[in-house]
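The following exercises ask you to work through a single protein model step by step. Try each task with the structure open before turning to its solution.

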Amino acid sequence: MDLLPYLAAGLLLVAGASKVRHPDTMSDVLATIGMTSSRAPLLLGLAEITIGAAALVVGGFVLWGAITAFYLAFAALLGLLHHNGAEINCGCFGESSTPIGARQIAADLLFRVLDRHRPVE
């Protein structure tokens with residue numbers, strides 16, 4: 001179970017890099033909730049890269065908590081969009097993202113386990 005937090009941090013880092021490289025898909029998701037800034041996907045991607053990399057290198061309660069917060073926020077956003085019938089890709093991994101659905105929401109909630117199983121510092 002000790003590997004799961006590192007997997008989640010690495011996944012967050014990769015997702016951030018995908019958003020920086022291909023921000024258009026995340027732009028669609030953010031526009032759906034009224035966030036139309038063209039810089040928002042880039043800033044979100046950079047935040048994911050920073051938090052994921054810092055957690056992998058430095059660790060610590062705050063960074064593991066921030067990763068948990070990112071996954072819970074994404075699950076809430078995807079749940080809201082799914083509930084409202086949005087038919088767009090999740091934007092999680094740039095061009096290779098899949099349509100919003102219960103599977104993406106469940107995956108984000110699964111990583112919620114990190115809050116209880118993060119590495120001991």
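## Aromatic pairs

**Exercise 1.** Determine the geometry of the pairing between phenylalanine 70 and phenylalanine 74, and say how the two residues are placed in helix H4 and whether each is buried or exposed.

*Solution.* Begin with burial, where a relative accessible area under 20% is the criterion for a buried residue. Phenylalanine 74 has a relative accessible area of 15% and is therefore buried; phenylalanine 70, with a relative accessible area of 17%, is buried as well. Next, consider the placement: the two residues are four apart in helix H4, so about one helical turn separates phenylalanine 70 from phenylalanine 74. In general, an α-helix has 3.6 residues a turn, so residues three or four places apart point the same way. The model examined here is a predicted one, and a search of its whole structure yields two aromatic pairs. In one of them, tyrosine 6 and tryptophan 64 meet edge-to-face. Phenylalanine 70 and phenylalanine 74 also form an aromatic pair, with 5.9 Å centre to centre and 55° between the planes, and this pair is tilted.

**Exercise 2.** Characterise the aromatic pair of tyrosine 6 and tryptophan 64 by its geometry, and state which helices the pair links.

*Solution.* The ring centres of tyrosine 6 and tryptophan 64 are 5.4 Å apart, and the angle between the planes is 85°. Since planes over 60 degrees apart count as edge-to-face, the pair receives that label. The partners come from distant parts of the chain, with tyrosine 6 in helix H1 (residues 3–21) and tryptophan 64 in helix H4 (residues 61–83), 58 residues apart. Their surroundings can then be compared through accessibility: tyrosine 6 is partly exposed, at a relative accessible area of 33%, whereas tryptophan 64 is buried, at 2%.

## Helix H1 and the core

**Exercise 3.** Compare the span of H1 with its expected value, and locate alanine 8 in relation to glycine 52.

*Solution.* H1 contains 19 residues, and the distance from its first C-alpha to its last is 27 Å, close to the 27 Å expected at 1.5 Å a residue. Among the residues of H1 that are buried are Leu4, Pro5, Ala8 and Leu12. Alanine 8, which is found in helix H1, counts as buried because its relative accessibility is 0%. Although alanine 8 and glycine 52 are 44 residues apart in sequence, their C-alpha atoms are 8.1 Å apart in space.

**Exercise 4.** Which residues have the most contacts inside the largest nonpolar core?

*Solution.* This core has 22 residues, and those with the most contacts inside it are Leu12, Ile51, Ala55, Ile67 and Phe70. The elements that give two or more residues to the core are H1, helix H2 (24–32), helix H3 (40–57) and H4, and H4 gives the most, with nine residues.

## The whole protein

**Exercise 5.** Summarise the secondary structure of the protein, and judge where the prediction has its highest and lowest mean pLDDT.

*Solution.* The protein has six helices and zero strands. Of its 121 residues, 40% are buried, and among contacts with a separation of 6 or more, 73% join residues 24 or more positions apart. For confidence, the average pLDDT is 80, and 77% of the residues score at least 70. Among the elements, H3 has the highest mean pLDDT (94), while helix H6 (residues 114–117) has the lowest (52).

How values were computed. Residues numbered from 1 in each chain as written. Predicted model: local features only at pLDDT ≥ 70, side-chain atom pairs only at ≥ 80, totals over all residues. Heavy atoms only, no water. Phe/Tyr/Trp six-rings, centres within 6.5 Å; stacked < 30°, edge-to-face > 60°. Buried < 20%, exposed > 50% of the residue type's maximum accessible area, 1.4 Å probe, protein only. Expected span 1.5 Å × (residues − 1). Core = buried A, V, L, I, M, F, W, Y, C linked by side-chain atoms within 4.5 Å. pLDDT = per-residue confidence, 0-100. Contact = heavy atoms within 4.5 Å.
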